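Work through the exercises below with the model open. Each task is followed by its solution.

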Amino acid sequence: MRKPSARRCAILVLLLYLAAGLALGESGHGDLEERFSNVPRMEYAGKTYYLRDRMTTILVAGILPDEAGVPRADFAALFAIDDNEKRIAPVYIDGAVMVEVEGRRLPLREVYALGEDPNEDLLRMAAAVNGMFGVELINDYMGVDLDGVSAVTELGRIEGDARQRLHLLRLALEAMPSKQLNELYGVLSEYLITDMKSGAVMRALDKADRYEVAETVDLPTIFRADELLPDEAAIQELAIGVFYEDSLF
């Protein structure tokens, strides 16, 4: 099995360290009539749009403790990997945006601290993000323990908020020789919380290397009554551009 090259590892870190492996869907079109009945759809401006059939969407969160030591997900992003278009579309989500979770209303970054099981907390975050889009978009999740990653001495000094640390992590790995990267790969994976199969990492690396990576867009929000709220109309428009297509076939 090939080992990940420095360039490929750097690309994954640029995508907020998608290094534990992505269980990417490779299914064919199958029966068209069955697809027609099951595919989620959205009506917009008098036209019907259908959820893309060969797209895998991953929620990635950067986890850091606040001043009281409570873990928070100040950084969150979606990565929509479209096998038909051979394109990866990153969508950044502000951790301050208000979401609905299990009958509670709170900032997305605080959802990670609702329970004691990190996997369950990431599932809650995924449900909250799905709720903003009105459809179950997210196939997998990954949380990055940024305190743990920052303690890896081989990476040098990695400090700051979640976005700054992820940026410094990318720079550190870009500057690292391939041999050292290969040796460090297993250590870094210990600080990932994910439902994704690590054995699929080579397929993910290959796609990250081959696919076009679109410019990151921000999830649309509006500021009202001292709160950051999802901009529902603008989110719908964003969803059509990233997650939907205007034809089933």
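**Exercise 1.** Find what F133 touches, leaving out residues up to four places away in sequence.

*Solution.* This is a predicted model. Take contact as heavy atoms within 4.5 Å. F133 then touches L78, L219, I235, A239 and F243.

**Exercise 2.** Place F133 in the largest nonpolar core, and say which elements build this core.

*Solution.* Start with the core itself: it holds 44 residues. Next, pick out the members that touch the most other members: L78, I93, L108, M125, V129, F133 and F243. Then list the elements giving two or more residues: strands 2, 3, 4, 5 and 6, plus helices 3, 4 and 9. Helix 4 gives the most, with seven residues. Finally, look for a separate core. A second one has 28 residues, including M142, L155, L169 and L173.

**Exercise 3.** Is strand 4 (residues 71-82) largely enclosed or largely open?

*Solution.* Count residues under 20% relative accessible area as buried. Ten of the twelve residues of strand 4 are buried, so the strand is largely enclosed by the rest of the structure.

**Exercise 4.** Describe how strand 4 pairs with strand 3 and with strand 5.

*Solution.* Take strand 3 (residues 55-65) to begin with. Strand 3 runs antiparallel to strand 4 over ten bridges. A61 stands opposite A76. Five residues separate the two strands in a hairpin, and G69 in the turn has a positive phi of about 85°.

Now take strand 5 (residues 87-94). Its pairing with strand 4 is also antiparallel, over eight bridges. D94 is the bridge partner of F75. This hairpin has four residues between its strands, and K86 in the turn has a positive phi of about 55°.

Methods:
Residues are numbered from 1 along each chain as its sequence is written. This is a predicted model: local features need pLDDT of at least 70, side-chain atom pairs count only at pLDDT 80 or more; totals for chains, interfaces and linings use all residues. Side-chain values use heavy atoms; hydrogens and water are left out. Buried means under 20% relative accessible area, exposed over 50%, partly exposed in between (1.4 Å probe, protein chains only). Two strands pair if DSSP finds at least two bridges between them. A nonpolar core is a set of buried Ala, Val, Leu, Ile, Met, Phe, Trp, Tyr and Cys residues joined through side-chain atoms within 4.5 Å.
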